[in-house]
Amino acid sequence: LRGELEALVDELGVSCTVHFHGFVTNPHAIVANCDVYCLPSQSEGFSLGLLEAMAVGTSVISTDCGSGPREIIDKGAYGTIVGVDDEAAFAVALADHLLHPEDFREVETQAQGRAAEFDLDVMAEAYATQLEAVNERMSYALHPTHG
């Protein structure tokens, strides 16, 4: 839909503020300079883009598409979450972020800490801890000690 979206941007007269970058190897510089990162998905798995925006301190708005964003944003604690296909709520949230950015500064800072929880080393340690716990339970189940 890129052509249609570019035509809409021209029609609305917002071509000076809306940019279509296409594939970018390292999007951090672009995302860090955005006023807000919008994720209007109908479904998501794990949204790396959402985490990247949070990690660089950019405000985020996402739809509550059942999984992924809901967990990452923690039901709205680290960003704004609206219903899927609720264009009116998304528009209001976007307007709030753009007109009153100061209202979201604390959430942006907290969101950076939240994004750090998904760091590769942090996640690997969490998985290792869980695997050790499972291993201990399995070992006990196979060889229970009676005291």
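This is a short dialogue on reading an aromatic pair and a helix packing in a predicted model.

Reader: What should I keep in mind about the numbering and the model?

Author: Residues count from 1 along each chain as its sequence is written, and side-chain values use heavy atoms, without hydrogens or water. Since the model is predicted, local features need pLDDT of at least 70 and side-chain atom pairs 80 or more, while totals for chains, interfaces and linings use all residues.

Reader: How many aromatic pairs does the structure hold?

Author: Rings of Phe, Tyr and Trp (its six-membered ring) pair if their centres lie within 6.5 Å; planes under 30 degrees apart are stacked, over 60 edge-to-face, the rest tilted. Here there's one pair: F46 and F118, tilted, 5.8 Å centre to centre with 55° between the planes.

Reader: Where do F46 and F118 sit in the chain?

Author: Helices (H or I, at least four residues) and strands (E, at least two) are DSSP runs, numbered from the N terminus. F46 lies in the loop between β1 (36-39) and α3 (48-55), F118 in the one between α6 (105-116) and α7 (120-142), so the pair links parts of the chain 72 residues apart.Reader: Is F46 buried or exposed?

Author: Buried means under 20% relative accessible area, exposed over 50%, partly exposed in between (1.4 Å probe, protein chains only). F46 is exposed at 51%, and F118 is partly exposed at 23%.

Reader: Which residues of α3 and α6 meet?

Author: Contact means heavy atoms within 4.5 Å. L51, M54 and A55 in α3 meet E108, A111, Q112, R114 and A115 in α6.
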